[in-house]
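Here is a short report for a reader new to this structure. Look at the sequence and the fold, then read on.

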Amino acid sequence: MQQVATGYGLIEGPVWDPARGLYFSDVINGGVDLLDLDGKIRPTIPKRRGIGGMALHERGGLVVGGRDIACVSLADGTSRTLLALDAIPGATGFNDLTTDRVGRVYVGSLAYKVFGGEAPRPGHLHVIDLDGTMRTLSDGILLTNGLGFSPDGSRLYHSDARAGLVRVYDVLPDGGVGPWQTFATLGDGQSAVPDGLKVASDGSVWVADAHGGRVAVFNADGTHRHDLAVPLPMVTSVCFAGHDLRDLYVVTGSRGGPHENCGSIFRTRVDVAGLALPLARVSG
């Protein structure tokens, strides 16, 4: 793996824009940056902390998580709220998110302060429909993380880091989901921390292991295919990119590394293409 950027606290939310490059956030230090097509880092959204997931919006903005779900204009930095925190009783914030093929936004809520030493309380899975209304789809998620759809859109994968597993839901015609089942586990106890995930064009699911220094790759039936070793232990998310979506970007945090701001972005070529993340089309 080639290291293409470093010096961050906790990198999350990588999203590929074919016209511009890779957007990514720093949860701890704040802000969203762009790793452009020439390999240069360009600040994009200043200061905002806690962004665990992002998606491009059809209107030219970035949908970001954190204290709320907002769409931030890439032209002038103005922000509009898509889902306010007070719409969900007991929620403390939002983590990762994804979009479906029609442009709905699926996002997980948190019910405790993850970095505040609080005891875990289960959060929920929500969907923001195209008209801006929100539905709560599932509950009991101790630490919501990566979300991604199967190539045909019929299944939704969802990491629960504290439970040490990746859920899978059948997706209903109206965008709702059925009861969840266990799709895969990364291990036992504290060593099993599935974080961000992406789905490839062959249906395989690529899961960042936040304690394991690897990306774990699972076949569509949940069997383990192989691992990709990563030079830093805290692997937080992945993103398929490039003209053929076979460049895999892997982002990390600093925990377990040589210093507190060693979070890095790595890039490698893989033998299967990823899926392009659909544009968000929700109003707000």
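## The largest pocket

In this predicted model, the largest pocket has a volume of about 800 Å³. Its lining counts 32 residues. Nearest its centre lie N95, L110, V114, F115 and L143.

Which strand gives the most to this lining? Strand β10, residues 93-99, does, with three residues. By residue type, the lining of the largest pocket holds 14 nonpolar, 11 polar and seven charged residues.

## The second largest pocket

The second largest pocket has a volume of about 550 Å³. It is lined by 32 residues. T98, L275, A276, L277 and P278 are the closest to its centre.

Several strands supply at least two residues each to the lining of the second largest pocket. They are β2 (11-17), β6 (54-56), β10, β14 (144-149), β18 (194-199) and β22. Here the lining divides into 21 nonpolar, seven polar and four charged residues. Strand β10 thus appears in the linings of the largest pocket and of the second largest pocket.

## Overall build

How many helices and strands does the protein have? There are zero helices and 24 strands. The C-alpha trace spans about 45 × 40 × 40 Å along its principal axes.

The protein has 284 residues, and a compact globule with that number would have a radius of gyration near 19 Å. The protein has 17 Å, which agrees. Of the 284 residues, 56% are buried.

## The sheet with β1 and β22

One open sheet has four strands, in the order β1-β24-β23-β22. The pairing is antiparallel. Its edge strands are β1 (2-8) and β22 (235-241), and each of these pairs on one side only. On average, neighbouring strands of this sheet are turned by 20 degrees against each other, direction ignored.

Inside this order, β23 sits beside β24. Strand β23 covers residues 247-252 and strand β24 covers residues 263-269. The two run antiparallel and are joined by five bridges. One bridge partner can be picked out by name: L248 has T268 as its partner in β24.

## The sheet with β10 and β13

Another open sheet of four strands follows the order β10-β11-β12-β13. Its pairing is antiparallel as well. The edge strands are β10 and β13 (134-141), and each pairs on one side only. From one strand to the next, the twist averages 25 degrees. The edge strand β10 is also the strand that gives the most to the lining of the largest pocket.

Strand β11 (residues 105-110) and strand β12 (residues 123-128) run antiparallel. Four bridges join them. G108 finds its bridge partner in β12 at L125.

## The β14 and β15 hairpin

Is β14 buried or exposed? Six of the six residues of β14 are buried, so this strand is largely enclosed by the rest of the structure. Strand β14 also supplies at least two residues to the lining of the second largest pocket.

β14 pairs with strand β15 (residues 155-160) in the antiparallel sense, over four bridges. F149 has L156 as its bridge partner in β15. The two strands form a hairpin with five residues between them. In the turn, G153 has a positive phi of about 80 degrees.

## Two loop residues with positive phi

Most residues other than glycine have a negative phi. Two residues here go the other way. The phi of K47 is near 75 degrees, a positive value in a residue other than glycine. L245 is not a glycine either, yet has a positive phi of about 55 degrees.

Where do K47 and L245 lie? K47 is in the loop between β5 (41-45) and β6. L245 has its place in the loop between β22 and β23. Strands β22 and β23 are next to each other in the order of their sheet.

The surroundings of K47 and L245 can be told from accessible area. K47 has a relative accessible area of 73%, so K47 is exposed, the cut-off being over 50%. L245 has a relative accessible area of 17%, so L245 is buried, the cut-off being under 20%.

Key. Residues are numbered from 1 along each chain as its sequence is written. This is a predicted model: local features need pLDDT of at least 70, side-chain atom pairs count only at pLDDT 80 or more; totals for chains, interfaces and linings use all residues. Side-chain values use heavy atoms; hydrogens and water are left out. Two strands pair if DSSP finds at least two bridges between them. Axes are lines fitted to C-alpha atoms, for helices over the stretch in contact, and angles run from 0 to 180 degrees between N-to-C directions. On a 1 Å grid over the protein atoms alone, a cavity is a set of points where a 1.4 Å probe fits but cannot get out, and a pocket is an open set with protein on both sides within 12 Å along at least five of seven lines; lining residues have an atom within 4 Å of a point. Grid points are joined across faces, edges and corners, and a volume is the space filled by probe spheres set on the points. Ala, Val, Leu, Ile, Met, Phe, Trp, Tyr, Cys and Pro count as nonpolar, Asp, Glu, Lys and Arg as charged, and the others, Gly among them, as polar. The radius of gyration is taken over C-alpha atoms; the globule rule is 2.2 Å times the number of residues to the power 0.38. Buried means under 20% relative accessible area, exposed over 50%, partly exposed in between (1.4 Å probe, protein chains only).
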